[in-house]
Amino acid sequence: MLTQAPPQQNVAGRLAVEIRRLVIEMSGSPNGVHIGGSMSIADLLAVLYGEVLRQPSGAGSPLDRDYLILSKGQACAALYAALAATGVLPKSEIETYAEQGSRLAGHPMKTLPGVDFSTGSLGHGLSLGLGVALAGRRYGHDNRAFVILGDGELQEGSNWEAAMAAAHLGVDNLTAIVDRNGLQISGRTEDCMALEPLTGKWASFGWRVLAIDGHDHDQIRQALGGPVEPGRPTAVIARTIKARGVPGLQDTKKSHSATLDRDAQRLALAALESEL
């Protein structure tokens with residue numbers, strides 16, 4: 001006998017499907033979409049926006065809410081999809097992605113509701129998250145800062161300066177989420193600039209480290225929604241698949257940025273439907 005999934009699982013599950021659907025819709029743009037890195041973080045965003053973040057739209061006091069910083073700003077299609085799926089943005093605006101004059105640029109801009117920092121120049125998001133987390137702690141608030149980083153992005157040295165500072169300062173309301181899909185624009189991360197042992201690197205900087213399947217909602221929920229370790233920031237190494245579920249692009253370098261024609265979009269939507 002099948003048992004009904006808990007309500008929170010249904011929320012994140014439905015949200016993940018809608019995020020993927022909207023990313024596929026945006027992928028028809030002639031300017032292209034970073035579909036690979038957007039699809040690899042869809043489940044992470046679904047759990048964050050569906051269950052974890054407090055006031056993710058930016059409403060209310062800036063010190064009484066949580067912050068999400070998409071350091072890998074090229075994956076903004078997934079962020080726009082999450083904001084539209086949760087009512088922060090009108091879904092009709094998705095159709096304007098990357099058009100001249102659209103608010104939905106190729107990298108997220110802080111003028112957009114739900115976006116606190118313009119990102120995309122890689123290597124800066126973790127420092128921003130550290131600053132937000134420190135501000136909350138200084139003023140006695142319990143807000144948390146979550147930063148989504150690309151694995152290739154970790155080849156930027158500024159990330160490790162922020163990692164060292166966060167551990168030294170004991171900023172336990174900071175969580176770094178590494179989208180470990182193993183690919184960057186030039187190819188496999190381990191061929192371009194080896195990152196492994198990645199969990200060991202973060203641990204050696206003094207972080208609490210959790211390694212999870214970045215498409216498993218239960219594991220994501222436990223890692224991001226569970227209690228923090230007092231005095232230590234948390235790094236979540238989320239193993240993901242670039243362009244997960246997109247025929248012909250999944251786990252390939254060419255998915256870094258791509259435009260899908262009508263037939264490719266139909267195939268991608270059919271694959272998403274069959275997965276359900």
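Ala85 touches Leu15, Glu18, Leu22 and Lys91, not counting residues up to four places away in sequence. The residue lies in helix H4 of a model that is predicted. Ala85 is partly exposed, with a relative accessible area of 24%; this value is above the limit for burial because buried means under 20%. A separation along the chain can be set beside one in space: Ala85 and Ile185 are 100 residues apart in sequence, and their C-alpha atoms are separated by 28 Å.

The chain as a whole provides the setting for this residue. Ten helices and seven strands make up its secondary structure elements. The radius of gyration is 18 Å, close to the 19 Å that the globule rule gives for 276 residues, so the chain is as compact as a globular protein of that length. Along the principal axes, the C-alpha atoms fill a box of roughly 55 × 50 × 45 Å. Burial applies to 50% of the 276 residues. Among the contacts with a separation of 6 or more, 74% are accounted for by residues 24 or more positions apart. The accessible surface comes to about 12,000 Å², and carbon and sulfur atoms contribute 54% of it. As for charge, the mean position of the 25 positive charges and that of the 29 negative charges are 1 Å apart.

The strands may be followed next, beginning with E1. Strand E1 spans residues 67–70, and both of its faces are covered. In a regular strand the side chains alternate between the two faces of the sheet. In E1, Tyr67 and Ile69 lie on one side and Leu68 and Leu70 on the other, and all are buried. E1 pairs in the parallel sense with strand E2, residues 145–150, over four bridges. Within this pairing, Leu70 stands opposite Ile148 of E2.

Strand E2 also pairs with E3, again in the parallel sense, here over six bridges. One residue of E2 that can be traced into this pairing is Leu149, whose bridge partner in E3 is Val178. Strand E3 covers residues 174–180, and seven of its seven residues are buried. Leu174, Ala176, Val178 and Arg180 occupy one side of E3, while Thr175, Ile177 and Asp179 occupy the other. Both faces are thus covered, and the buried residues include the charged side chains Arg180 and Asp179.

Leu126 links these strands to a helix. This residue has its place in helix H5, residues 125–138. Leu126 counts as buried, at 0% relative accessibility. Beyond its neighbours within four places in sequence, Leu126 is in contact with Ser71, Val147, Leu149, Asn159, Ala162, Ala163, Leu174, Ala176, Trp202 and Trp207. Among these partners, Val147 and Leu149 fall within the residue range of E2, and Leu174 and Ala176 belong to E3. Leu126 and Asp66 are 60 residues apart in sequence, with a C-alpha to C-alpha distance of 15 Å.

Helix H3, residues 42–52, is another mostly covered element, with nine of its eleven residues buried. The buried residues are Ala42, Asp43, Leu44, Leu45, Ala46, Val47, Leu48, Tyr49 and Val52. An α-helix has 3.6 residues a turn, so residues three or four places apart point the same way.

Several points of backbone geometry remain to be considered. Most residues other than glycine have a negative phi, and most peptide bonds are trans. The peptide bond from Glu196 to Pro197 is cis, with omega near 0°. Pro197 lies in the loop between helix H7 (189–192) and helix H8 (198–204). Ala98 has a positive phi, near 65°, and is found in the loop between H4 and H5.

Ala243 likewise has a positive phi, near 55°. Its loop runs between strand E7 (234–239) and helix H10 (262–275). Ala243 is buried, with a relative accessible area of 0%. Not counting residues up to four places away in sequence, Ala243 touches Ile35, Gly36, Met39, Ser40, Leu249, Gln250 and Ser255. From Ala211, Ala243 is 32 residues away in sequence and 20 Å away in space, C-alpha to C-alpha.

Note on methods: Residues are numbered from 1 along each chain as its sequence is written. This is a predicted model: local features need pLDDT of at least 70, side-chain atom pairs count only at pLDDT 80 or more; totals for chains, interfaces and linings use all residues. Side-chain values use heavy atoms; hydrogens and water are left out. Helices (H or I, at least four residues) and strands (E, at least two) are DSSP runs, numbered from the N terminus. The radius of gyration is taken over C-alpha atoms; the globule rule is 2.2 Å times the number of residues to the power 0.38. Buried means under 20% relative accessible area, exposed over 50%, partly exposed in between (1.4 Å probe, protein chains only). Contact means heavy atoms within 4.5 Å. Accessible areas come from the Shrake-Rupley method with a 1.4 Å probe; for residues, only the protein chains shown count as cover. The place of a charge is taken as NZ of Lys, CZ of Arg, CG of Asp or CD of Glu. Two strands pair if DSSP finds at least two bridges between them.
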